[in-house]
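Me: Could you take a close look at one part of this model for me, going residue by residue? I'd like to hear about burial, contacts and charge pairing, all in one go.

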Amino acid sequence: MQKRDQSKAAGGGGGAASTPAKRGRPFGATSGGSAGNSSAASAGTAPDSAAPSALLGPSLQVQCNFAEQNNKRIVLALQSGLKSELTWALNTLTLLSFKEKDDMRRDATPLAKIPGLLDALLQVIDDWRDIALPKDYTKPPRLRLLGANSLVTGFGNEFDALGSNDVLSHLGPGNGSKTDASVSKGKRQRFSEWWYDEEGLFNLDEEARAERQQCAVAASNIIRNFSFMPENEMIMAQHRHCLESVFQCVEDQNTEDEELVTNALETIVNLAPLLDLRIFSSSKPSFIKMTEKRAVQAIMGMLGSSIKAWHCAAAEMLGRLIINPDNEAFLLPFAPQIYRRLVDLLSLQAVDAQSAAVGALYNLAEINMDCRLKLASERWAVDRLLKVVKAPHPVPEVCRKAAMILESLVSEPQNKAMLLAYEHAFAEIVLTDGKHSETFARILYELTARPTNKPVTTRGIWGV
């Protein structure tokens, strides 16, 4: 299955055509233009002064030799863990990894040219995952009962115990307590009181945690951008740590940052044609202990998501993963749930959801007889595939694949008795639709020319 096609859009002022915007990026964020050379201090960027004013988003250029001159510095900056170094490295890599589909610039940055880069980026994500909390997490209040019944305990600085024995005043703001405004007003919090806070001392406060999260999202965005480059696909598809990290982010869709989950999901979709799920049981070193079953369950969780971008990407991912015969053993046990959900997507009015569902069903129907029998027995499957053809779907290729799925289903004798109920609908398409009349003529021929296992009363095709 080919890499996802990017839609081409014409743009602009002055009659010039702009490069199509990359999916997930602002339209008009192209790399073409007549910008001058930029310095390494600004990560090799410069605004495009000749860009049409109608376009949205910046236009950027990167020096051709910037990555080669700074590759070691970039990796070391990522590994340092220092905020300023991380920010510089992530900003630089964001520019280096950004590339339009038709951009033929020479400075595309394959991961193989920068040793250790992918591992360093994954470490940034792992550092966040180690301290990540659910996005809806609320820390419950907890009382410190040590010395609650004693005026002086001998621990710490006693927190002005001679003046007050209020235990609640010992709690830091991270523990969910509310100190009396009249007491705290005009007083500076003592360092020893901060130690009582679970977020204090050697732990991160909320601001630092948010910055770590932003770094992880930026790193995932860079990895996503790299996955669009053909030079990086094989390296990333065979990198177990990379696959484990992105699948774990997808697995934690209900608790993890949405942008991080989306970047991880799109990375898997791009790598899916080359992905072999057996890598999770290979001899390569494992960091997260991801298994094939957990990976498929994570995909099924995304397929059942109510977010359109997620369930569409999951359907597209399934259609690409099933191309590899080695993945069939892990995906087919979930076939009934997959068919049910994909047929549900066909009922949605969103054309992209229908397109993703038809693409996945097209590949699943070509596996074996059992797949075709289960799909035909799924309620509303044939009816909704016919609606995609008769509507018709705005993309002709989707209509063609829907018709080919029906032709695959009718090739199984056990399905003929059920498909004969749609004989008049097939005949109507033969007479009225010139594009798909040949396919549905073959379907009618299969229904009537070959004997079935069950005796069926012969009926006239043309209404005679």
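Reply: Let's start with L348, which sits in the loop between α13 (335-346) and α14 (351-364). Keep in mind that this is a predicted model. L348 comes out as partly exposed, at 33% relative accessibility. Leaving out residues up to four places away in sequence, L348 touches H311, A353 and Q354.

Staying around α13, D344 is a residue of that helix, and R384 in helix α16 (residues 381-390) is its partner in a pair that links distant parts of the chain, 40 residues apart. The two side chains form a salt bridge, with N to O at 3.8 Å. That is inside the 4 Å cut-off, so the pair counts. Burial splits the two partners: R384 is buried at 17% relative accessibility, whereas D344 is partly exposed at 34%. The 17% for R384 falls under the 20% limit, which is why R384 gets the buried label.

Now for the part I'd zoom in on, helix α8. Its 12 residues should span 16 Å at 1.5 Å a residue, and the end C-alpha atoms are indeed 16 Å apart, so the two agree. How many residues of α8 are buried? It's 11 of the 12, so α8 is largely enclosed by the rest of the structure. The buried set is R240, H241, C242, L243, E244, S245, V246, F247, Q248, C249 and V250. The cover over these buried residues includes α3 (117-131), α6 (206-227), α7 (230-237), α9 (258-271) and α10 (292-303).

Within α8 (residues 240-251), E244 is worth a stop. Is E244 buried or exposed? At 0% relative accessibility, E244 is buried. Its side chain reaches the backbone nitrogen of I288, 3.3 Å away. Beyond its neighbours within four places in sequence, E244 is in contact with F280, S286, F287, I288, K289 and M290. Also in this helix, C249 is buried at 4% relative accessibility. Elsewhere, C399 is buried too, at 2%. As for cysteine pairing, the whole structure has 0 disulfides.

UniProt has an unreviewed entry listing residues 215-243 as "domain: SWI/SNF-like complex subunit BAF250 C-terminal". That span is 86% helix and 0% strand, with its end C-alpha atoms 19 Å apart.

Back to charges: a search of the whole structure turns up 17 salt bridges. One of them joins R278 and D326 through their side chains, at 2.9 Å from N to O. This pair also ties together distant parts of the chain, with R278 in the loop between α9 and α10 and D326 in the loop between α11 (308-321) and α12 (328-331), 48 residues apart. R278 is partly exposed with a relative accessible area of 40%, and D326 is partly exposed at 33%.

For a local pairing, look at D370 and K374, whose side chains meet at 3.2 Å, N to O. They are 4 residues apart in helix α15 (residues 369-377), so about one helical turn separates them. In an α-helix there are 3.6 residues a turn, so residues three or four places apart point the same way. D370 is partly exposed at 39% relative accessibility, and K374 is partly exposed at 33%. Finally, R129, D252 and E256 are joined in a salt-bridge network.

Terms used
Residues are numbered from 1 along each chain as its sequence is written. This is a predicted model: local features need pLDDT of at least 70, side-chain atom pairs count only at pLDDT 80 or more; totals for chains, interfaces and linings use all residues. Side-chain values use heavy atoms; hydrogens and water are left out. UniProt positions are given in the numbering used here, feature names are shortened, and annotations may be inferred rather than shown by experiment. Helices (H or I, at least four residues) and strands (E, at least two) are DSSP runs, numbered from the N terminus. Buried means under 20% relative accessible area, exposed over 50%, partly exposed in between (1.4 Å probe, protein chains only). A polar contact is a pair of N or O atoms within 3.5 Å; within protein, one must be able to donate a hydrogen and the other to accept it, and residues adjacent in sequence count only if both atoms are side-chain atoms. Contact means heavy atoms within 4.5 Å. A disulfide is a pair of cysteine sulfur atoms within 2.5 Å. The expected span of a helix is 1.5 Å times one less than its number of residues.
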